[in-house]
Amino acid sequence: NIFVLPSENSEKIKIKLNAGQTIKVVEERSDWTRIRINASEGWIKNENIKQFGIELPQTANLKSKPSF
């Protein structure tokens, strides 16, 4: 799940992610990372990013299609 703010109580953002898509890491805060995908930005829990094999912080390509 990708959220507007770094909180699971925040509104969720619908962003379609595809394998091989570039994800820009904008900011890290505690257990959360703000990411940019094309023109959209949102917050994702670090544990959810790491399940796709993305190492932080950097610009990365999504290695597998997400399940959320």
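The following paragraphs describe the fold of this predicted model, its aromatic pair and the surroundings of Lys45. Local features need pLDDT of at least 70 and side-chain atom pairs count only at pLDDT 80 or more, whereas totals for chains, interfaces and linings use all residues. Residues are numbered from 1 along each chain as its sequence is written, and side-chain values use heavy atoms, with hydrogens and water left out.

The protein contains 1 helix and 6 strands (DSSP runs, H or I of at least four residues for helices and E of at least two for strands, numbered from the N terminus). Their order from the N terminus is β-β-β-β-β-α-β. Of the 68 residues, 35% are buried (under 20% relative accessible area, with exposed over 50% and partly exposed in between; 1.4 Å probe, protein chains only). Among contacts (heavy atoms within 4.5 Å) between residues at least 6 apart in sequence, 42% join residues at least 24 apart.

The structure holds 1 aromatic pair, formed by Phe3 and Trp32 in an edge-to-face arrangement, 5.6 Å centre to centre with 80 degrees between the planes. Rings of Phe, Tyr and Trp (its six-membered ring) pair if their centres lie within 6.5 Å; planes under 30 degrees apart count as stacked, over 60 as edge-to-face and the rest as tilted. This pair links distant parts of the chain, as Phe3 lies in strand 1 (residues 2-3) and Trp32 in strand 4 (residues 32-37), 29 residues apart. Both Phe3 and Trp32 are buried.

Trp32 is also a contact of Lys45, together with Glu8 and Asp31, when neighbours of Lys45 within four places in sequence are left aside. Lys45 belongs to strand 5 (residues 40-45). Lys45 counts as buried because its relative accessibility is 17%.
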